[in-house]
Amino acid sequence: MPTSCVAYGCVNRGKIEGITYHGFPQDEGTKQKWISAIKRKDWEPKKHSRVCSSHFREEDIDRTSLCRVRIREGAVPVTFKAFPEKSQ
């Protein structure tokens, strides 16, 4: 099964150049912030739920490793094109 992004309205699926997929954080506080940012009613992430890198600011993404792209600790997804601008 190809990886896909759980953000509402996001069409990123599978391998796309420049796009990476990230699991929800273990820290409950940050995890709840991610869930709130996703804005999906009555939804909880599953073990394999992922958010793609297009929903994070560039400064929240750590690309210093040669083999892995990571989301910086405490970062929360903030960019959602499917939401009206005033709700972002």
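Me: What makes Phe 24, Trp 34, Trp 43 and Phe 56 a cluster?
Reply: The model is a predicted one, and in it ring pairs link Phe 24, Trp 34, Trp 43 and Phe 56 to one another. A search of the whole structure finds three aromatic pairs.

Me: Why is the pair of Phe 24 and Trp 43 called tilted?
Reply: The ring centres of Phe 24 and Trp 43 are 5.8 Å apart, and rings pair if their centres lie within 6.5 Å. The planes of Phe 24 and Trp 43 stand at 50 degrees. Stacked planes are under 30 degrees apart and edge-to-face planes over 60, so this pair is tilted.

Me: Why does the pair of Phe 24 and Trp 43 tie together separate parts of the sequence?
Reply: Phe 24 belongs to the loop between strand 1 and helix 1, while Trp 43 belongs to the loop between helix 1 and strand 2 (50–52), so the pair joins parts that are 19 residues apart in sequence. Phe 24 and Trp 43 are both buried.

Me: Why is His 22 classed as it is, buried or exposed?
Reply: His 22 has a relative accessible area of 8%. The cut-off for a buried residue is under 20%, so His 22 is buried. His 22 is found in strand 1 (residues 21–23). Beyond residues up to four places away in sequence, His 22 touches several others, among them Trp 34, Arg 50, Val 51 and Ile 71.

Me: How do you know that the side chains of His 22 and Thr 20 make a polar contact?
Reply: The distance for this side-chain pair is 2.7 Å, and a polar contact requires N or O atoms within 3.5 Å. The pair of Thr 20 and His 22 therefore meets the distance limit.

Me: How do you know where Thr 20 lies relative to Ser 53?
Reply: The C-alpha atoms of Thr 20 and Ser 53 are separated by 5.3 Å, although the two residues are 33 residues apart along the chain. Thr 20 lies in the segment before strand 1. Leaving aside neighbours within four places in sequence, Thr 20 is in contact with Val 51, Cys 52, Ser 53 and Val 69.

Me: Why is Asp 62 classed as it is, buried or exposed?
Reply: The relative accessible area of Asp 62 is 18%. This value falls under 20%, so Asp 62 counts as buried. Asp 62 is placed in strand 3 (residues 61–62). The side chain of Asp 62 makes a polar contact with the side chain of Thr 64 at 2.6 Å. Apart from neighbours within four places in sequence, the contacts of Asp 62 are with Arg 68, Val 69, Arg 70 and Arg 72.

Me: What makes the phi of Lys 39 notable?
Reply: Most residues other than glycine have a negative phi. Lys 39 is not a glycine, yet its phi is positive, at about 55 degrees. Lys 39 lies in the loop between helix 1 and strand 2. With 42% relative accessibility, Lys 39 counts as partly exposed, because the value is neither under 20% nor over 50%.

Me: Why is Asp 42 classed as it is, buried or exposed?
Reply: Asp 42 has 74% relative accessibility. The cut-off for an exposed residue is over 50%, so Asp 42 counts as exposed. Asp 42 also has a positive phi, near 50 degrees, in a residue other than glycine. The place of Asp 42 is in the loop between helix 1 and strand 2.

Me: What makes up the lining of the largest pocket?
Reply: The lining consists of 20 residues, of which His 22, Gly 23, Phe 24, Pro 25 and Ile 71 lie nearest the centre of the pocket. Strand 1, helix 1 (28–38) and strand 4 (70–71) are the elements that give two or more residues to this lining. Strand 1 provides the largest share, three residues. By class, the lining has eight nonpolar, six polar and six charged residues. The space in the largest pocket is about 510 Å³.

Me: Which residues lie nearest the centre of the second largest pocket?
Reply: They are Cys 10, Asn 12, Ser 54, His 55 and Lys 81, from a lining of 11 residues. That lining divides into five nonpolar, five polar and one charged. The volume of the second largest pocket is about 180 Å³.

Me: What is the order of the elements in the chain?
Reply: From the N terminus on, the elements run β-α-β-β-β, and the chain has one helix and four strands. Buried residues make up 36% of the 88 residues.

Key: Residues numbered from 1 in each chain as written. Predicted model: local features only at pLDDT ≥ 70, side-chain atom pairs only at ≥ 80, totals over all residues. Heavy atoms only, no water. Buried < 20%, exposed > 50% of the residue type's maximum accessible area, 1.4 Å probe, protein only. Polar contact = N/O pair within 3.5 Å; in protein donor to acceptor, adjacent residues only side chain to side chain. Contact = heavy atoms within 4.5 Å. 1 Å grid on protein atoms, 1.4 Å probe; cavity = no way out; pocket = protein on both sides within 12 Å on 5 of 7 lines; lining within 4 Å. Points joined across faces, edges and corners; volume = space filled by probe spheres on them. Nonpolar A, V, L, I, M, F, W, Y, C, P; charged D, E, K, R; others polar. Phe/Tyr/Trp six-rings, centres within 6.5 Å; stacked < 30°, edge-to-face > 60°.
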